[in-house]
Amino acid sequence: MESQRAFGRSFSFEFFPPKTPDGVTNLARARARLAALGPDFVSVTFGAGGSTREGTLETVRACRADGLVVAPHLSCIGSTRENIDELLTTYHAEGVTRIVALRGDLPSGMGRAGEFRYANELVAYIRETTGDRFTLEVAAYPEFHPQAPSAQADLENFKRKVEAGANGAITQYFYNPDAYLRFVESCERLGLALPIVPGVMPITNHSQLARFSDMCGAEIPRWIRKRLEGFGDDRDAICAFGHDVTVELCQRLLEAGAPGLHVYTMNRAEPTLALWDALGLSRA
Ligand code: FAD
């Protein structure tokens, strides 16, 4: 973990493009409260195949209008080079300087493979066509990507993305800090020198968390699952327990030398505000 300390810390918050006018209003409120914490940047998700293209762009514009540095996510599966060129040109014209470069997952039934198979091809393409114009973040999986045939193969594939020109990585969320610490050590052994920022998912809703975790291969440790099951529909108890779990996780990660935190906010301000307070990260 020692190499990670050298990078300095980056704190960032992730939003998704809202689908309704109420969602837009709620996000604007949450964004204003989170902007007060002074994040290094915020990021905005992008539906693979371009399904949220306009929504992502609108949200990027709204974040920039609030004075935030914003990194749109760009997933390449189902896209052509032309689609990617258009988005890169638009983002550059909007003043965007960082991008989270991903493969993405095509929704079932949306069979178009497009011209990119993996994120390393997207990173290489962005570097080939735009040089160093954008700071590029890629995804990392401390508990390994669900489609990877083995941990070693996933690490080798992660290395490919880094060598294609990524500047930093953001991890999938996890609740077992050892998974992250070991992942970072493996990257160090492979000679990968880039900040690997832990992705943090606040716990506020048991069924939603269980659904996400099944899809993305993030493990909810048995003791956390059992406790959450025990709370039933008691939302306050879930949030209070979830807060304690995430605070302890983040404390341990930062003490171990993690180069910041990236919070999957789910467009809500409260869990992150409470987390920042407990970690002593809130700014006056
Ligand atoms: P890749 O790095 O391409 O890896 C995908 C799989 O292919 C892995 O199993 C890997 O081992 C394997 N692989 C990689 N390269 C090769 C290769 N050259 N040859 C053979 N196998 C290879 N999804 C969205 O749709 N929109 C988003 O906005 C979004 N944001 C995300 C943000 C973060 C921080 C994270 C961690 C994930 C996000 N995702 C998003 C989910 C992500 O798109 C999925 O996890 C997707 O399945 C993999 O994307 P990737 O960029 O990690 O893919």
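This note takes up the ligand site first and then the packing of several helices, all in a predicted model.

1. The ligand and its neighbours. The shell around the ligand is made up of 25 residues, and the closest of these are Phe 46, Asp 105, Tyr 141, His 145 and Asp 154. By residue class, the shell divides into ten nonpolar, ten polar and five charged residues.

2. Polar contacts to ligand oxygen. For Tyr 141, which is among the closest residues, a polar side-chain atom lies 2.7 Å from an oxygen atom of the ligand. His 145 is also listed among the closest residues, and an N or O atom in the side chain of His 145 is 2.7 Å from an oxygen atom of the ligand.

3. A polar contact to ligand nitrogen, and burial. In the side chain of Asn 120, an N or O atom is found 3.3 Å from a nitrogen atom of the ligand. Taken alone, the ligand would expose 960 Å², and the protein buries 86% of that area.

4. Where the shell comes from. Two or more residues of the shell are given by each of the elements β3 (70–75), α5 (119–130), α6 (151–163) and β6 (168–173). The largest share, four residues, comes from α6.

5. Helices α4 and α5. Which helix crosses α5 at roughly 60°? That helix is α4 (residues 81–93), and the axes of α4 and α5 come within 11 Å of each other. Angles from 65 to 115 degrees would count as roughly perpendicular and those under 35 degrees as roughly parallel, and α4 and α5 are therefore described as oblique to each other. The crossing of this pair, α4 and α5, is right-handed.

6. Helices α3 and α4. On α4 there is a second packing to consider, since helix α3 (residues 53–65) packs with α4 at an angle of about 15°, the two axes being 12 Å apart. That angle makes α3 roughly parallel to α4. The crossing of α3 and α4 is right-handed.

7. Helices α9 and α10. Helix α9 (residues 222–231) packs with helix α10 (residues 235–256) at an angle of about 160°, and their axes are 9 Å apart. That makes α9 roughly antiparallel to α10. As for the handedness of this pair, the crossing of α9 and α10 is right-handed.

Notes. Residues are numbered from 1 along each chain as its sequence is written. This is a predicted model: local features need pLDDT of at least 70, side-chain atom pairs count only at pLDDT 80 or more; totals for chains, interfaces and linings use all residues. Side-chain values use heavy atoms; hydrogens and water are left out. A residue is near a molecule or strand if one of its heavy atoms lies within 4 Å of it. A polar contact is a pair of N or O atoms within 3.5 Å; within protein, one must be able to donate a hydrogen and the other to accept it, and residues adjacent in sequence count only if both atoms are side-chain atoms. Accessible areas come from the Shrake-Rupley method with a 1.4 Å probe; for residues, only the protein chains shown count as cover. Ala, Val, Leu, Ile, Met, Phe, Trp, Tyr, Cys and Pro count as nonpolar, Asp, Glu, Lys and Arg as charged, and the others, Gly among them, as polar. Axes are lines fitted to C-alpha atoms, for helices over the stretch in contact, and angles run from 0 to 180 degrees between N-to-C directions. Angles under 35 degrees count as roughly parallel, over 145 as roughly antiparallel, 65 to 115 as roughly perpendicular and the rest as oblique. A crossing is left-handed if the near helix is turned anticlockwise from the far one by less than a right angle, and right-handed if clockwise.
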